[in-house]
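Please look through the sequence and the model shown here before reading on. The paragraphs that follow lead from the loops to the sheet, and from there to a single side chain and its surroundings.

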Amino acid sequence: MADDGAEKQEKAEYQLKEPHSYKILSSTMAEAFELDAINTALVAVDKFKHLKDVAFYIKHEYDRKYPGSGKATEGVYHTVVGKSFASAVSHETRQFIHLKVDTYHIILWKSKDTPFHVDAA
């Protein structure tokens, strides 16, 4: 657990190399999750040049910060980053945000591995 504290402190101390603009376009997340999504997205856009790396960083930071129990019914985070795309996603209640950082649109959401309810046989 000591490593997690040191890692969180390191993330909090990250200084952006340049200023970035951001705007929340749509969100169902609680304010604390929104703020964390914004900060994570700003760091990702600042650190990485390739969009796949930005998406990978955001997804894995959220999976690390808000881990599930490992059950398929609990869900995992997904991220899409780009300048022009369309999307339609199913997400957990209060687990979706669409924001814009500079010219990049970022969608972060949590969904279950399967949208179907499996009844025990």
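Arg 94 counts as partly exposed because its relative accessibility is 47%, a value that lies between the limits of 20% for buried and 50% for exposed. The model is a predicted one, and in it Arg 94 belongs to the loop between β2 and β3. The backbone of Arg 94 deserves attention as well, since its phi is positive, at about 60°, although the residue is not a glycine.

A positive phi is also found at Asp 102, where the angle is near 55° in a residue other than glycine. Asp 102 sits in the loop between β3 and β4, and with a relative accessibility of 27% it is therefore classed as partly exposed.

The strands that these loops connect are part of an open sheet of four strands, arranged in the order β1-β3-β4-β2 and paired in antiparallel fashion. At the edges of this sheet lie β1, which covers residues 22-27, and β2, which covers residues 76-82, and each of these pairs on one side only. On average, neighbouring strands of the sheet are turned by 20° against each other, if direction is ignored.

Within the sheet, strand β3 (residues 96-101) runs antiparallel to β4, and the two are joined by six bridges. One residue of β3 to follow here is Val 101, whose bridge partner in β4 is Tyr 104.

Two helices pack on the sheet, and they can be described in turn. Helix α2, made up of residues 31-47, touches β1, β2, β3 and β4, and its direction makes about 40° with that of β3. Helix α3, made up of residues 51-65, packs on the sheet through contacts with β2 and β4, and its direction makes about 155° with that of β2.

Which strand holds His 105? His 105 lies in β4, the strand formed by residues 104-111, and its side chain makes a polar contact of 3.0 Å with the side chain of His 98. Leaving aside residues up to four places away in sequence, His 105 touches a set of residues that includes Leu 25, then Val 80, Val 81, Gly 82, Lys 83 and Phe 85, and also His 98, Leu 99 and Lys 100. Among these neighbours, His 98 is thus the partner of His 105 in the polar contact between side chains described above.

Terms used:
Residues numbered from 1 in each chain as written. Predicted model: local features only at pLDDT ≥ 70, side-chain atom pairs only at ≥ 80, totals over all residues. Heavy atoms only, no water. Polar contact = N/O pair within 3.5 Å; in protein donor to acceptor, adjacent residues only side chain to side chain. Contact = heavy atoms within 4.5 Å. Pairing = 2+ DSSP bridges. Axes fitted to C-alpha atoms, helices over the stretch in contact; angles between N-to-C directions. Buried < 20%, exposed > 50% of the residue type's maximum accessible area, 1.4 Å probe, protein only.
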